[in-house]
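Here are some notes for a colleague who is opening this structure for the first time. They are set out as numbered points, to be read with the structure in view.

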Amino acid sequence: MIWNESMECMPRSQIQELQLERLKSVVERVYNNVGFYRKRLDALGIKPGDIRGLDDLTKLPFTVKDDLRDNYPYGMFAVPLREVVRVHSSSGTTGIPTVVGYTANDLDSWSELVARIVSEAGVTADDVVQISFGYGLFTGAFGLHYGLEKVGATVIPVSSGNTERQVRIMRDMGSTALVSTPSYALHISEVAEQMGISCQDLGLNIGLFGAEPSTKNLRTEIEKRWGLFATNNYGLSEVMGPGVSGECEFRCGMHINEDHFIAEIIDPDTLEPVPFGEKGELVLTTLTKEALPLLRYRTKDITRFIPGQCECGRTFLRMDETSGRTDDMLIIRGVNVFPSQIESVLMEIEEVEPHYQLVITREGYLDNLEVQVEVPQKIFSGEFRALERLERKIRDRILSVVGITVKVRLVEPRSIARSSGKAVRVVDKRA
Ligand code: ADP
Ligand code: ZN
C-alpha cells in the first residue's frame, strides 16, 4: 500500500521544486542558528541567498561524523534544547557515538516516513509487529515503533535479547511481522528450532530488516527459514534513524524519501558526484529537520542509484542495498573487498549455514583473510575429505567471484558469536 500517494508518487519536476524550496530554507536556518555551519559557509564565501537552484547544492560543504563528535553533544543543534523533545544516539559501530535530537515536528515527520516504509513492505493495521531492535538510545526501535503505530499496526515492543522469550512471544501473541537486524532474525530462527518450534508454523509474514548490511542472498535464506517476505530498509541516526529509505513490494532498491532528504552519490576520494547509476558514497542533506539539520552528510555507506521507474508507482529515487561502509572495506593483497561480497558467495553454497566471520591477520607485509563459516553438525562430523572438498569449493568460488585467495575454515554449528543487534562480521587481528 502507498501510505502518502501525493508525496510518494509526485512527478519529478514537483519533487525537485519542493526540494529546492526546502533546501533554501534549511541553508538559511543553519546559517542563522548553527555556529559550525555559519563558520563553514563564511569560509567558503557562501550566503544562503546563493542557493538558487538544486545544482547549487554542490557548493555547500560536506558534514562528517567527526563534526558531530567534535560538537558533542548538542553543539550542532539548530534550536535551543527546550525545543528538543527527544535525544538518541548512534550505535557507535565505528567509534564514539554521536548525539542527535528531535523537536516535536521532527518526531511527527519521523513517524510519517517510517509509516511509508512499513507500508511499502506490506504492513497494515491488521499486522501484529514484534520489534526486536533494542529500545534505548539506538534510533531503530523507537523509530519503527511510532511509524508502525501510525499505520495502526499492533506493536509488541519486546526489544532485543532473551531470544527464547522472543520465540514464546511470537507464538503466544501471534506476531505477523518482525523488526530486527537480519542477523538476529536468523538467530531467532535457530533458537526456535532448538526449542522444538517450527518457524514456518509461527506465522510471520513480513520481515522488516535493517540497521546492518545484508545481501539479497542472506535475506532469501531468512525467507526460507521463516516463510516470510523479507524487506530491507535503511537509515542512520545522524540523518534521522530508520525511515530514510525502504523497499517496496517489488524489492528493486529502496525508495528514498526525497521530500525530506536530498541524496547524492559521490566518489569518496575525489568528492565529485559519480555518473548516475554508478557506485559511490551516499551523501544526504536533510530538508525538514529542525533540531539537527545536516548539509551533505557523508554517510560512508556505499551504494548506487537505480535508474528507471519502479512498477509500484512511487517516483522517489531508489538506492541499491549498501555493500557496506567505506570503513568496512578490506584491502587484501591490494584488492578491495567488502564483507558483503563474501557473504553473497557464501549464501549461494548450500552446504553452509548463514553464520560467518572474517578474520584478518598479518604475516610480514601480507594481509591474510580467513573466512570462518559454520556447517551443520552432520557435515562437520563427517568425512575429513568431504570437509576439505567443501573448503576448496568455497575458496575457489571466492577466488573466481571476488578475486582474492582466502583461507576457509569450516566451524561447528553455533561456534560464531551471535548478536541481538548489529552482527560483527570482521575481526581484525592486525593491530
Ligand atoms: P552507527 O553508525 O554507529 O552504526 P546507527 O545506529 O545510526 O549508528 O547506524 C546507521 C548505520 O547502519 C548506517 O550508516 C549503515 O552503515 C547501517 N545501516 C542501517 N540500515 C542499513 C541497511 N538496510 N543496510 C545496510 N546498512 C545499514
Ligand atoms: Zn517501488
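**Notes on the two ligand sites**

1. A good place to begin is ligand 1, one of whose oxygen atoms is 2.8 Å from an N or O atom in the side chain of Arg325. It should be kept in mind throughout that this is a predicted model, and that the distances quoted here are therefore those of a prediction, since local features were taken only where pLDDT is at least 70.

2. Two further side chains make contacts of this kind with ligand 1. An oxygen atom of ligand 1 is 2.7 Å from an N or O atom in the side chain of Ser237, and a polar side-chain atom of Lys422 lies 2.7 Å from an oxygen atom of the ligand. How much of the accessible area of ligand 1 does the protein cover? Of the 560 Å² that ligand 1 has on its own, the protein covers 97%.

3. The surroundings of ligand 1 comprise 20 residues, of which the closest are Ser91, Thr93, Asn233, Ser237 and Asp301. By class, this shell has ten polar residues, together with five nonpolar and five charged ones. Which element gives the most to the shell? Strand E7, which spans residues 229-236, does so, with five residues.

4. The second site holds the zinc ion (ligand 2), which is coordinated at 2.1 to 2.3 Å by the SG atoms of Cys248, Cys310 and Cys312 and by NE2 of His255. The site is tetrahedral, with angles of 103 to 116° among the four donor atoms, and along the sequence the donor residues follow the spacing C-x6-H-x54-C-x1-C. Cys248 lies in the loop between strand E8 (241-247) and strand E9 (254-256), while Cys312 lies in the loop between strand E13 (305-306) and strand E14 (318-319), so this pair ties together parts that are 64 residues apart in sequence.

5. Are these two cysteines buried or exposed? Cys248 counts as buried because its relative accessibility is 0%, and Cys312, at 13% relative accessibility, also counts as buried, the cut-off for buried being under 20%.

6. A last point concerns Gly161, which is found in the loop between strand E4 (154-156) and helix H7 (163-173). Although Gly161 is in a loop, its relative accessibility is 18%, so Gly161 counts as buried. The C-alpha atom of Gly161 is separated by 29 Å from that of Met329, a residue 168 positions apart from Gly161 along the chain.

Definitions and conventions. Residues numbered from 1 in each chain as written. Chains lettered and ligands numbered in written order. Predicted model: local features only at pLDDT ≥ 70, side-chain atom pairs only at ≥ 80, totals over all residues. Heavy atoms only, no water. Donors = N, O, S within 2.8 Å, 3.2 Å for Na, K, Ca; no water. Tetrahedral: all angles 85-135°; square planar, octahedral: opposite > 155°, others 65-115°. Helix = DSSP H or I, 4+ residues; strand = E, 2+ residues; numbered from the N terminus. Buried < 20%, exposed > 50% of the residue type's maximum accessible area, 1.4 Å probe, protein only. Near = heavy atom within 4 Å. Polar contact = N/O pair within 3.5 Å; in protein donor to acceptor, adjacent residues only side chain to side chain. Areas by Shrake-Rupley, 256 points an atom, 1.4 Å probe, with all protein chains shown as cover. Nonpolar A, V, L, I, M, F, W, Y, C, P; charged D, E, K, R; others polar.
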